[in-house]
Structures are given as C-alpha cells and as structure tokens.
Amino acid sequence: MTLDNPVLLSAIGLIVLVALVGFGAHYFSPEARLERRRRRNNYRVISKARRPMVMLNVRDKKR
C-alpha cells in the first residue's frame with residue numbers, strides 16, 4: 001500500500017484529525033477538568049521524602 005494517492009492520504013489525515021479533536025474535546029471539557037481536580041484533591045497525603053519537613057509559622061532562634 002503506497003501513500004501516493006492524494007485522496008487516500010487526505011482521508012487518513014481527516015480520520016486522524018477527527019480522532020485528535022474528539023480526544024481534545026473530551027480532555028478539555030469542564031467535566032473532565034472537574035474530575036481531574038477532584039481526583040487530585042482527594043489523594044492521600046503521603047510523604048516519602050528523606051529530608052526534614054517544612055514547618056510554617058514557627059519562630060525559631062536567630063543564629
């Protein structure tokens with residue numbers, strides 16, 4: 001199968017374009033954005049870092 005035929009090439013390009021637009025419309029829809037935000041905000045907070053934790057609003061001695 002060669003892609004020398006411009007009609008075949010344009011048909012394949014149109015199918016790919018429709019697939020990309022369909023995926024983009026779903027990915028950037030308001031419902032999808034809200035679902036991603038809900039999933040991100042409901043994760044458990046787990047810190048696996050081996051470094052000192054950041055403490056906010058702590059008054060420490062000046063060095």
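Helices (H or I, at least four residues) and strands (E, at least two) are DSSP runs, numbered from the N terminus. The model treated here is predicted: local features need pLDDT of at least 70, side-chain atom pairs count only at pLDDT 80 or more, and totals for chains, interfaces and linings use all residues. Residues are numbered from 1 along each chain as its sequence is written, and side-chain values use heavy atoms, with hydrogens and water left out.

**Exercise 1. Overall description**

Determine how many helices and strands the protein has, and what share of its residues counts as buried.

Solution.
1. The protein contains two helices and zero strands.
2. The burial classes rest on relative accessible area: buried is under 20%, exposed is over 50%, and partly exposed lies in between (1.4 Å probe, protein chains only).
3. Of the 63 residues, 5% count as buried.
4. Accessible areas come from the Shrake-Rupley method with a 1.4 Å probe; for residues, only the protein chains shown count as cover.
5. The accessible surface of the protein is about 7,000 Å², and 61% of this belongs to carbon and sulfur atoms.

**Exercise 2. The loop residue S29**

Establish where S29 is found, whether S29 is buried or exposed, and which backbone oxygen lies 3.1 Å from a polar atom of its side chain.

Solution.
1. S29 is found in the loop between α1 (6–27) and α2 (30–41).
2. Its relative accessible area is 14%, so S29 is buried.
3. The backbone oxygen in question belongs to H26. A polar contact is a pair of N or O atoms within 3.5 Å; within protein, one must be able to donate a hydrogen and the other to accept it, and residues adjacent in sequence count only if both atoms are side-chain atoms.

**Exercise 3. Salt bridges in helix α2**

Identify which residues are linked in a network of salt bridges.

Solution.
1. A salt bridge is a side-chain nitrogen of Lys or Arg within 4 Å of a carboxyl oxygen of Asp or Glu. The structure holds two salt bridges.
2. One joins the side chains of R38 and E35, with 2.5 Å from N to O. Both residues lie in helix α2, three residues apart, about one turn of the helix.
3. E35 also forms a salt bridge with R39, where the closest N and O atoms are 3.6 Å apart. This pair, too, lies in helix α2, four residues apart, about one turn of the helix.
4. The network therefore comprises E35, R38 and R39.
5. Each of these residues is partly exposed: E35 at 32%, R38 at 43% and R39 at 40% relative accessibility.

**Exercise 4. Aromatic pairs**

Classify the aromatic pairs found in a search of the whole structure.

Solution.
1. A pair of aromatic rings is described by the distance of the centres and the angle of the planes.
2. Rings of Phe, Tyr and Trp (its six-membered ring) pair if their centres lie within 6.5 Å; planes under 30 degrees apart count as stacked, over 60 as edge-to-face and the rest as tilted.
3. The search finds two aromatic pairs. For F23 and Y27, the ring centres are 6.0 Å apart and the planes are at 20 degrees, so this pair is stacked.
4. F23 and Y27 both lie in helix α1, four residues apart, about one turn of the helix. F23 is exposed at 55% relative accessibility, whereas Y27 is partly exposed at 36%.
5. Y27 and F28 form an edge-to-face pair, 5.0 Å centre to centre with 90 degrees between the planes. F28 is exposed, with a relative accessible area of 51%.
6. F23, Y27 and F28 form one aromatic cluster.
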